[in-house]
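Me: I have a structure open and want to go through it piece by piece. Keep the answers short, please.
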Amino acid sequence: MEHVTRIVIIGGGPGGYEAALVAAQLGAEVTIVDRDGLGGAAVLTDCVPSKTLIATAEVMTTFDSSYEELGIVVADGGPTSNARVVGVDLGKVNRRVKRLAVAQSHDITQSVTRAGVTLLRGHGRLEGGQALDGSRGVIVDLVDGETQELRADVVLLATGTHPRELPDAAPDGERILTWTQVYDLDELPDELIVVGSGVTGAEFAGAYQALGSKVTLVSSRDRVLPGEDPDAATVLEDVFRRRGMNVMSRSRAEAARRVGDKVEVTLSDGRVITGSHCLMAVGSIPNSEGLGLDAAGVKTSESGHIKVDRVSRTSAPGVYAAGDCTGVLPLASVAAMQGRIAMYHALGDAVAPLNLKTVSSNVFTDPEIATVGYSAADVECGKMDAVCVKLPLRSNPRAKMQGIRDGFVKLFCRPGTGIVVGGIVVAPRASELIHPISLAVDNNLTVEQVANAFTVYPSVSGSIAEAARQLHVRKRAEGAEGS
Ligand SMILES: Cc1cc2nc3c(=O)[nH]c(=O)nc-3n(C[C@H](O)[C@H](O)[C@H](O)COP(=O)(O)OP(=O)(O)OC[C@H]3O[C@@H](n4cnc5c(N)ncnc54)[C@H](O)[C@@H]3O)c2cc1C
């Protein structure tokens, strides 16, 4: 009788459930162990809830920032009044956020179950090393208190991360909050202090400001979004300040404590700032403790992330890992790809190793910042030889019509061949505009090919084609100079 590969997946986020679907399609016997609900943190606390909240914030920003210019008259209050004429019922917004998250988790559970995958609700961990037949044991502490032991030919660890906490700023779930706790608020914070200006901090700071909170963003670095394109980060910081956000650069928060119905945040230079609430967005810690990694021979980095290669193998035979617990690139799309790659590899299917240079990502602020491929930093440090054109959206006809003032399109291509190697779009809905550049990067298209494809007139994507045309001209000029 043919041996059916037994796969046990610990963690049901995008890294785990996408892998389960692939493995089931390829004929394996698959079990997912998850303690919180399918979809993982991505669906229940992080990605889906934050983008649902931001959907409301986006409508508010679009309205607030352009109604006057677009000739919209608001009867009550109006452009000359300081009174806020549009407001938000945060309790209602948050109930919608939670409803959508639970519904999405339910949909995923249905499709995974339909695919024939077994689900176990509980905490899973590896039990020692490999048996003589190559199999491994996984112990599951089920939520009902029972314990179950599974045998697996292949184990995938996809356990994700949890929010990092500062020792002197313990979240209380009421006024000092992590990003997983904000959806329990019924009323909009009057004065929100956001600690951390990475992607998560910037997204929440922008969203709450749009919803109507007075926001202070505490950033330990020179500027917000230190990991992003500097021009893009500058645009965003300027927009934040113009809209009234207090952006405190080079300010490290050391402690946060409740004082009555206020929160005091102490900075490392001794200054104290006060708000009604504080959101801590100071990074994530991998869920790699209590997984039995040492005994199983699975190596981790100093930060506790599980070490993997580009086909998701760990240092232990038969054990793979995917997603945020590996620290490769904390995105749901990357987690899902790592999980699928693990299963293709384990089950002997055709597999291409993970290629991070084709990943597109987005910061969901207003404007959004979408990126793919090589960056300005890669060009600057000599990792990639490329020429670059940056076109401000101010000159784009559609942007003018829509009252869009901030943002740009930046395109990078190889100097000789004109092959597009990267790009950035800073614009409302940039996440929807980056795809043509992703296609170009993924398929080695040249700037001529991008320039020659029709774009709609008028459209913001017209600026992508225009940037490609300008790169073509620049490339020719530089070629002529060189000859
Ligand atoms: C605020 C925020 C917003 C984000 N927005 C985006 C976005 O817009 N786009 C994007 O691409 N990415 C976004 N991300 C990142 C994205 O959420 C992660 O990359 C993604 O969740 C990683 O998926 P994963 O499968 O590795 O882990 P997770 O989604 O964290 O899932 C892991 C699951 O494993 C379970 N688990 C852990 N340990 C065990 C155990 N021992 N036994 C059983 N179960 C266990 C957990 O309970 C959880 O259900 C965001 C992150 C944050 C914090």
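Me: How much space lies in the second largest pocket?
Reply: Bear in mind that this is a predicted model. The lining of this pocket has 43 residues. The space in the second largest pocket comes to about 1,100 Å³.

Me: Which residues lie nearest the centre of that second largest pocket?
Reply: The lining residues divide into 17 nonpolar, twelve polar and 14 charged. Of the 43 residues in the lining, those nearest the centre are T61, T62, S65, R243 and D366.

Me: Which element gives the most to the lining of the second largest pocket?
Reply: The elements with two or more residues in this lining are α3, α5, α6 (230-242), α10 (397-402) and α11 (430-433). One of them gives ten residues, the most. That element is α3.

Me: S50 is found in helix α3. Is S50 buried or exposed?
Reply: Leave out residues up to four places away in sequence, and S50 touches Y183, E203 and F204. Its relative accessible area is 5%. Buried means under 20%. So S50 is buried.

Me: What span should the twelve residues of α1 have, and does the model give a value that agrees or disagrees?
Reply: The expected span follows from 1.5 Å a residue. The end C-alpha atoms of α1 are 16 Å apart, which agrees with the expected 16 Å.

Me: Why is α1 described as largely enclosed by the rest of the structure?
Reply: The buried residues of α1 are P14, G15, G16, Y17, E18, A19, A20, V22, A23 and A24. Their cover includes β1, β2, α2, α4, β6 and α8. α1 is largely enclosed because the buried residues number ten of the twelve.

Me: Which residue with a positive phi follows α1?
Reply: α1 has twelve residues. The residue that follows has a phi near 95°. It is G27.

Me: Which residues of α4 are buried?
Reply: Helix α4 runs over residues 90-114 and reaches 36 Å from first C-alpha to last, close to the 36 Å expected. Cover for its buried residues includes α1 (14-25), β2 (29-34), α2 (40-44), α3 (47-66), β3 (118-127) and α5 (199-211). The buried residues are L90, G91, V93, N94, V97, A101, S105, I108 and V112.

Me: At the start of α4, which backbone nitrogen does a side-chain oxygen of D89 reach?
Reply: The oxygen of D89 comes to within 3.2 Å of that nitrogen. At the other end, just after α4, G116 takes a positive phi of about 95°. The nitrogen that D89 reaches belongs to G91.

Me: Which elements are among those that cover the buried residues of α8?
Reply: Helix α8 (residues 332-346) has 15 residues, and its end C-alpha atoms are 21 Å apart, in agreement with the expected span. V334, A335, A336, Q338, G339, I341, A342 and M343 are its buried residues. Just after α8, G348 has a positive phi of about 75°. The cover of the buried residues includes β1 (6-10), α1, β6 (154-157) and β17 (319-321).

Me: What is the relative accessible area of V224?
Reply: V224 sits in the loop between β10 (214-218) and α6. Beyond its neighbours within four places in sequence, V224 is in contact with S197, L217, A233, E237 and V247. V224 is buried, and its relative accessible area is 0%.

Me: How many Å apart in space are V224 and G297, C-alpha to C-alpha?
Reply: In sequence, V224 and G297 are 73 residues apart. In space, the distance between their C-alpha atoms is 39 Å.

Key. Residues numbered from 1 in each chain as written. Predicted model: local features only at pLDDT ≥ 70, side-chain atom pairs only at ≥ 80, totals over all residues. Heavy atoms only, no water. Helix = DSSP H or I, 4+ residues; strand = E, 2+ residues; numbered from the N terminus. Expected span 1.5 Å × (residues − 1). Buried < 20%, exposed > 50% of the residue type's maximum accessible area, 1.4 Å probe, protein only. Contact = heavy atoms within 4.5 Å. Polar contact = N/O pair within 3.5 Å; in protein donor to acceptor, adjacent residues only side chain to side chain. 1 Å grid on protein atoms, 1.4 Å probe; cavity = no way out; pocket = protein on both sides within 12 Å on 5 of 7 lines; lining within 4 Å. Points joined across faces, edges and corners; volume = space filled by probe spheres on them. Nonpolar A, V, L, I, M, F, W, Y, C, P; charged D, E, K, R; others polar.
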